[in-house]
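Work through these exercises with the structure open beside you. Try each task before you read its solution.

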Amino acid sequence: MKKLRIKSAKAVRGSVQVPPDKSISHRAAIFAAMANGESEIRNYLFGEDCLSTLNALKSLGAIIRRRGKNVYITGGKLKSPARDVYCGNSGTTMRLLCGMIAGMNMSAKLVGDRSLSKRPMERITSPLTAMGARIKSRRGFPPLFVRGSSDLRAIKYIMPIASAQVKTSIMLAALNASGETMLKEKIPSRDHTARMLPFFGARFKKKGDFLAIEGGGKLKPAKISVPGDFSSAAFFITAAVMLQSVLTIKNVGLNPTRTGFLKALGKMGLKYRIKNRRYSYGEPSGDITVLKSVLRGMDFSADDIPAMIDEVPLLALVATKARGISLITGAEELRVKECDRIEGVFSQLKKMGADIEKLPGGFRIKGPTPLRGASVTGFGDHRIVMMLSLAALAVRSAPYVTVIDDVSCVKISFPGFFRTLKKILVGKWGRP
Ligand code: S3P
């Protein structure tokens with residue numbers, strides 16, 4: 001347990017660099033392990049979730065070498081592991097590996113930590129089973145016993161929920177199935193997989209509203225470079241917004257299926273600039289400068305959610321500072337993340353004085369409200385802890401100190417979060 005006391009702050013200033021993208025790092029490592037030969041992944045995220053993926057791939061037979069910020073993975077010779085495959089806290093690791101193993105002649109037992117063991121897996125086991133894989137779970141929850149098969153069949157599948165993890169899991173199984181798998185999403189989720197797999201030699205076609213994945217091909221090794229994580233940048237965008245400051249965040253991934261939070265803030269009145277736009281290995285990136293702005297409350301619904309799924313807790317925080325009512329709906333998926341993020345955000349922001357109501361799939365928030373310090377819990381969820389740290393800095397009503405019960409989980413996605421945050425704070429952490 002690592003408790004943290006945070007005093008409110010005046011402003012942030014300067015520029016920050018955020019860690020490499022978590023979703024892109026996971027995918028690059030898994031695709032490299034499937035490809036025959038050595039791949040190079042530059043700027044890999046060495047956060048706990050992506051380390052879980054590397055360790056899991058090692059136990060499945062991939063040869064992995066780290067050199068500085070890069071990893072080199074030799075794949076193509078995966079085999080059934082001798083022990084359980086531990087996926088830690090990472091839903092992406094478990095769901096993607098399940099899809100990968102489903103299409104290979106091997107079997108494995110995938111296990112996770114306490115939080116992951118409570119996350120729903122039926123969303124992947126159901127389509128993968130329809131393709132011919134044999135998967136046993138604990139009534140839809142981990143652990144998963146996956147018995148893969150080299151003769152999976154292609155399916156036509158309309159995804160009932162918007163989930164990039166489910167989409168990628170099916171796509172990985174589809175690569176090893178016979179025939180053409182047809183996949184349709186009602187609301188588009190992040191598309192890193194479709195952007196990256198062609199570098200590993202896989203080809204997809206758009207057929208109307210469907211993505212068509214041809215099975216039976218072999219992946220070849222690739223070189224990938226990972227941009228900064230927009231979801232990590234979102235914490236600094238929020239810091240600047242909450243503290244009415246100007247701040248630049250450098251080399252951030254700007255894939256439009258990820259930047260919904262910036263779009264949402266733009267609708268609320270945020271002014272920002274994007275410079276140094278680049279394009280590398282299928283992914284756009286650039287430097288974001290947040291300018292001082294006055295925000296107003298807005299409505300966001302189901303169509304807006306997938307492109308900002310991990311940033312909804314931050315949107316709720318920002319809404320406490322915006323003038324008027326913000327209504328966020330259609331975000332039921334937040335209930336099955338690392339914790340129940342609707343309950344988590346609601347209960348802790350309420351303690352800090354927010355005018356917030358919880359809804360089945362979101363929140364109704366009235367602003368602006370000056371937040372006050374409190375003793376809060378992050379539920380061991382990295383994104384809730386980081387959101388609460390920013391709420392703590394933005395406190396404008398006594399007491400000016402917030403205590404967060406355990407902040408060690410930030411290393412899941414953002415090792416060094418507090419170090420980076422301290423560097424840009426103006427003056428000491430203290431009363432404004
Ligand atoms: C992820 C997809 C999202 C997101 C998670 C990472 C991914 O989950 O919340 O942090 O890398 O594919 P869902 O696809 O389940 O919404």
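Contact here means heavy atoms within 4.5 Å. The model you are looking at is predicted.

**Exercise 1. The surroundings of A62**

Task: Find where A62 sits, and decide whether A62 is buried or exposed.

Solution.
- Step 1: Locate the residue. A62 is in the loop between helix 2 (48-59) and strand 4 (63-67).
- Step 2: List its contacts. Setting aside residues up to four places away in sequence, A62 touches A33, L57, I73, T74 and L78.
- Step 3: Check the accessible area. The relative value for A62 is 7%. Buried means under 20%, so A62 is buried.

**Exercise 2. The surroundings of K321**

Task: Do the same for K321. Which residues does K321 contact beyond its neighbours within four places in sequence?

Solution.
- Step 1: Locate the residue. K321 belongs to the loop between helix 9 (312-319) and strand 21 (324-328).
- Step 2: List the contacts. They are V241, M242 and P368.
- Step 3: Compare sequence with space. K321 and V241 are 80 residues apart in sequence. Their C-alpha atoms are 8.7 Å apart.
- Step 4: Check the accessible area. K321 has a relative value of 34%. Partly exposed lies between the 20% and 50% cut-offs, so K321 is partly exposed.

**Exercise 3. Pairs of opposite charge**

Task: Examine three salt bridges. For each, give the N to O distance and the place of both partners.

Solution.
- Step 1: Recall the idea. Side chains of opposite charge can pair when their charged atoms come close. The cut-off is 4 Å between a side-chain nitrogen of Lys or Arg and a carboxyl oxygen of Asp or Glu.
- Step 2: Take K109 and D84. Their closest N and O atoms are 3.7 Å apart, and they form a salt bridge. K109 is in strand 7 (residues 107-111), while D84 is in the loop between strand 5 (70-75) and strand 6 (85-86). The partners are 25 residues apart. K109 is partly exposed at 26% relative accessibility. D84 is partly exposed too, at 42%.
- Step 3: Take E185 and K167. This salt bridge has its closest N and O atoms 3.1 Å apart. E185 lies in strand 13 (residues 180-185) and K167 in helix 5 (residues 164-175), so the pair ties together parts 18 residues apart in sequence. K167 is buried, at 6% relative accessibility.
- Step 4: Take K207 and E180. Their side chains meet in a salt bridge, 2.9 Å from N to O. K207 is in strand 14 (residues 204-207) and E180 in strand 13, 27 residues apart. K207 is partly exposed at 36%. E180 is partly exposed at 25%.
- Step 5: Look at the whole structure. The search finds 23 salt bridges.

**Exercise 4. R190 and its network**

Task: Place R190. Which residues are joined with R190 into one network of salt bridges?

Solution.
- Step 1: Name the network. Salt bridges with shared partners join R119, R190, D310, E338, R341, D381 and R383.
- Step 2: Locate R190. It is in the loop between strand 13 and helix 6 (192-196).
- Step 3: Look at one partner. The side chains of R190 and D310 make a polar contact at 3.4 Å.
- Step 4: Widen the view. Beyond neighbours within four places in sequence, R190 contacts several residues, among them S23, R27, K167 and I309.
- Step 5: Check the accessible area. At 11% relative accessibility, R190 is buried.

**Exercise 5. Where two domains meet**

Task: Describe the interface of domain 1 and domain 2. How many residues does each supply to the contact?

Solution.
- Step 1: Set the bounds. The domain assignment gives domain 1 as 4-20 + 228-428 and domain 2 as 22-225.
- Step 2: Count the residues. Domain 1 supplies 28 and domain 2 supplies 30.
- Step 3: Find the area. About 2,500 Å² is buried between domain 1 and domain 2, with 51% from carbon and sulfur atoms. In domain 1, P20, Y281 and I412 lose the most area to domain 2. Together they give 29% of what that side buries.
- Step 4: Count the links. Three salt bridges run between domain 1 and domain 2. The interface also has 15 residue pairs in polar contact.
- Step 5: Sort the domain 1 side by class. The side that touches domain 2 has 12 nonpolar, six polar and 10 charged residues.

How values were computed. Residues are numbered from 1 along each chain as its sequence is written. This is a predicted model: local features need pLDDT of at least 70, side-chain atom pairs count only at pLDDT 80 or more; totals for chains, interfaces and linings use all residues. Side-chain values use heavy atoms; hydrogens and water are left out. Domain bounds come from an automatic or database domain assignment. Buried area is the accessible area (1.4 Å probe) that two parts lose on being put together, summed over both. A polar contact is a pair of N or O atoms within 3.5 Å; within protein, one must be able to donate a hydrogen and the other to accept it, and residues adjacent in sequence count only if both atoms are side-chain atoms. Ala, Val, Leu, Ile, Met, Phe, Trp, Tyr, Cys and Pro count as nonpolar, Asp, Glu, Lys and Arg as charged, and the others, Gly among them, as polar. Helices (H or I, at least four residues) and strands (E, at least two) are DSSP runs, numbered from the N terminus. Buried means under 20% relative accessible area, exposed over 50%, partly exposed in between (1.4 Å probe, protein chains only).
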